[in-house]
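Please open the model in the viewer and keep the sequence panel visible. The tour proceeds by selection, with a note on what each selection shows.

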Amino acid sequence: MSDSLVVCEVDPELKEKLRKFRFRKETDNAAIIMKVDKDRQMVVLEEEFQNISPEELKTELPERQPRLQATADDVCRE
């Protein structure tokens, strides 16, 4: 049973955006919100935020619809 089960694919444009997001140089808080497109069985970009607090991000997410998120937080360490 070496076959792996693929539930859905990730949109190639989203993969590139996530790669750039991961290695970004900005120091502000940012987030990428993704959702699963059931028709295409693909994870796609829903919305992108710059300079958003965790509290604001929480209000942007729908309560009853599952979403995936990638966040980058500006953490000050002393």
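Begin with strand β2 and strand β4 (residues 68–72): the two pair in the antiparallel sense over five bridges. The coordinates come from a predicted model. Within this pairing, select Met34; its bridge partner in β4 is Leu68.

Next, keep β2 (residues 30–37) selected and add strand β3 (residues 42–50). These strands also run antiparallel, and eight bridges join them. To inspect one position of this pairing, select Val36, which stands opposite Val43 in β3. When following the side chains by eye, recall that in a regular strand they alternate between the two faces of the sheet.

Now move to the hairpin of β2 and β3. Four residues lie between its strands, and Gln41 takes a positive phi near 50 degrees. Select Asp39 as well, which is placed in the loop between β2 and β3. Is Asp39 buried or exposed? Asp39 has a relative accessible area of 75% and is therefore exposed, the cut-off being over 50%. For a distance across the model, add Asp74: its C-alpha lies 36 Å from that of Asp39, with the two residues 35 apart in sequence.

Finally, go to the loop between α2 (54–60) and β4, where Pro66 is found. Pro66 has a relative accessible area of 71%, so this residue is exposed. Draw a distance from the C-alpha of Pro66 to that of Met42: the separation is 14 Å, for residues 24 apart along the chain.

Technical notes: Residues are numbered from 1 along each chain as its sequence is written. This is a predicted model: local features need pLDDT of at least 70, side-chain atom pairs count only at pLDDT 80 or more; totals for chains, interfaces and linings use all residues. Side-chain values use heavy atoms; hydrogens and water are left out. Two strands pair if DSSP finds at least two bridges between them. Buried means under 20% relative accessible area, exposed over 50%, partly exposed in between (1.4 Å probe, protein chains only).
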